[in-house]
Amino acid sequence: MCRSIKTLRPPALAEEATQDEIRAAALQYVRKVSGFRAPAAHNQEVFDQAVEHIAQATAELLDGLEVRGAARRA
């Protein structure tokens, strides 16, 4: 769906994903799903909340993944 979102888990990423990388992926996802690159003022709060929720869920996913041959995030 979002071809510009890169894989954030090893071995695609040599090191663990940073919070900035996770947030950038979440922002890209919300932009794609909503159809807005930048929301109107009346949608800004819900847009930003969605980005934060998705970034948090992404961090939790990456923390919980067990990839063979790669160490888990600390």
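Here is a short chat about a predicted model of one protein chain.

Student: How many helices and strands does the protein chain have?
Tutor: Let's start with the overall make-up of this predicted model. The secondary structure comes to 2 helices and 0 strands.

Student: Does H2 have the span expected for its residues, and what is the distance between its end C-alpha atoms?
Tutor: Take 1.5 Å a residue: the 21 residues of H2 should then span 30 Å. That agrees with the model, where the end C-alpha atoms of H2 are apart by 30 Å.

Student: Which residues of H2 are buried, and where do they sit around the helix axis?
Tutor: The buried ones are Phe47, Val51, Ala55, Thr58, Ala59 and Leu62. An α-helix has 3.6 residues a turn, so residues three or four places apart point the same way. On the other side of H2, Glu45, Val46, His53 and Leu61 are exposed. Seen down the axis, the buried residues of H2 fall within an arc of 105 degrees, so they line one face of the helix.

Student: Which helix is included in what covers the buried residues of H2?
Tutor: Look at the largest nonpolar core, which has 13 residues. Helix H1 (19-34) and helix H2 (44-64) each give two or more residues to this core. The cover over the buried residues of H2 includes H1.

Student: Which residues of H2 does Leu8 contact?
Tutor: Leu8 is among the residues with the most contacts inside the largest nonpolar core. Leaving aside neighbours within four places in sequence, its contacts include Leu13, Ala17, Glu21, Ile22 and Ala25. From the buried residues of H2, Leu8 also touches Thr58 and Leu62.

Technical notes. Residues numbered from 1 in each chain as written. Predicted model: local features only at pLDDT ≥ 70, side-chain atom pairs only at ≥ 80, totals over all residues. Heavy atoms only, no water. Core = buried A, V, L, I, M, F, W, Y, C linked by side-chain atoms within 4.5 Å. Buried < 20%, exposed > 50% of the residue type's maximum accessible area, 1.4 Å probe, protein only. Helix = DSSP H or I, 4+ residues; strand = E, 2+ residues; numbered from the N terminus. Contact = heavy atoms within 4.5 Å. Expected span 1.5 Å × (residues − 1). Arc of directions from axis to C-beta.
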